[in-house]
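Open the model in your viewer and keep the selection tool at hand. The tour goes from one side chain outward to the whole chain.

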Amino acid sequence: MGTVIGALAAIGGLVFTAVATYYSAAVSGDQLQESRQAADRAERAQAARVSFWVDTESGDRRFHVMNRSPDPVTEVSFRGGAPLTGPVLMTWDSLAPCQDFVIPVTSVVKPGALMPGDPELDFRDRNGKAWQRTEVALNPIGHGVPPVDGTTYVAGKHGAEVHDAPDCGDDSG
């Protein structure tokens, strides 16, 4: 009888250990997933605060490139299509922190051209990681997009007005 009770106790202990191990593994998996998500948010924090758009509210079309992070971004390039000029590539060595660069579209493309078509903004963050922002996504990239034949190159600040960016601050996560 003592052997049967000992065997049942051992089986119960094994079942308890198996259930506890399963739940421990499940909790560890959840913690690992949360840790990966937090690392991804931290890695994307600065890049998520860099954006672009075309403003038409003032009657004149103006191109905005905004860095709302407290650190500069470097190796910045904008690619967009303009029907009357072909592809346009604007480049900057860097964009200062907390700045909105406002560029009249007419200083970049011919009057009457539509701007932009499938635009992309490529840049490097404070850690040297390359990013590409489109109208709908932000993705890491290996290197900048190579220029294509027929591209109109425009370097420098393009007569930009520089304004303080709203909602600029610590993006450390």
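Start by selecting glutamine 46 and aspartate 71. The glutamine 46 side chain reaches the backbone oxygen of aspartate 71 at 3.1 Å. Now add arginine 126 to the selection. Its backbone nitrogen is also reached by the side chain of glutamine 46, here at 2.6 Å. Keep in mind that this is a predicted model.

Stay on glutamine 46. Which stretch holds it? Glutamine 46 sits in the loop between α1 and β1 (50-55). Is glutamine 46 buried or exposed? Its relative accessibility is 1%, so it counts as buried. The cut-off for buried is under 20%.

**Next stop: the helix**

Select residues 2-44, helix α1, and find tyrosine 23 in it. Tyrosine 23 has a relative accessibility of 53%, so it counts as exposed. The cut-off for exposed is over 50%.

Now show the surface and colour Val4, Leu8, Ile11, Val15, Val19, Tyr22 and Tyr23. These residues make a nonpolar surface patch of about 740 Å².

**Next stop: strand β4**

Select residues 86-95, which form strand β4, and pick out methionine 90. Methionine 90 has a relative accessible area of 0%, so it is buried. Then draw a distance from methionine 90 to glycine 80. C-alpha to C-alpha, the two are 8.9 Å apart in space, with their positions 10 residues apart in sequence.

**Zoom out: the whole chain**

Switch to a cartoon view. How many helices and strands are in the protein chain? It has 1 helix and 10 strands. Trace them from the N terminus: the order is α-β-β-β-β-β-β-β-β-β-β.

Turn on contacts. Among those with a separation of 6 or more, 67% join residues 24 or more positions apart.

Go back to the surface. The accessible surface of the protein chain is about 10,100 Å², and carbon and sulfur atoms hold 57% of it. Of the 173 residues, 31% are buried.

**Last stop: confidence**

Colour by pLDDT. The protein chain averages 76, and 71% of the residues score at least 70. Where is confidence lowest, and where is it highest? Select residues 152-155 for the low end: strand β9 has a mean of 56. Select residues 130-133 for the high end: strand β7 has a mean of 92. Where pLDDT is low, the predicted coordinates should not be read in detail.

Definitions and conventions: Residues numbered from 1 in each chain as written. Predicted model: local features only at pLDDT ≥ 70, side-chain atom pairs only at ≥ 80, totals over all residues. Heavy atoms only, no water. Patch = residues over 30% accessible without salt bridge, like charges linked within 9 Å, V, L, I, M, F, W, Y side chains within 5 Å. Areas by Shrake-Rupley, 256 points an atom, 1.4 Å probe, with all protein chains shown as cover. Salt bridge = Lys/Arg side-chain N within 4 Å of Asp/Glu carboxyl O. Helix = DSSP H or I, 4+ residues; strand = E, 2+ residues; numbered from the N terminus. Buried < 20%, exposed > 50% of the residue type's maximum accessible area, 1.4 Å probe, protein only. pLDDT = per-residue confidence, 0-100. Polar contact = N/O pair within 3.5 Å; in protein donor to acceptor, adjacent residues only side chain to side chain. Contact = heavy atoms within 4.5 Å.
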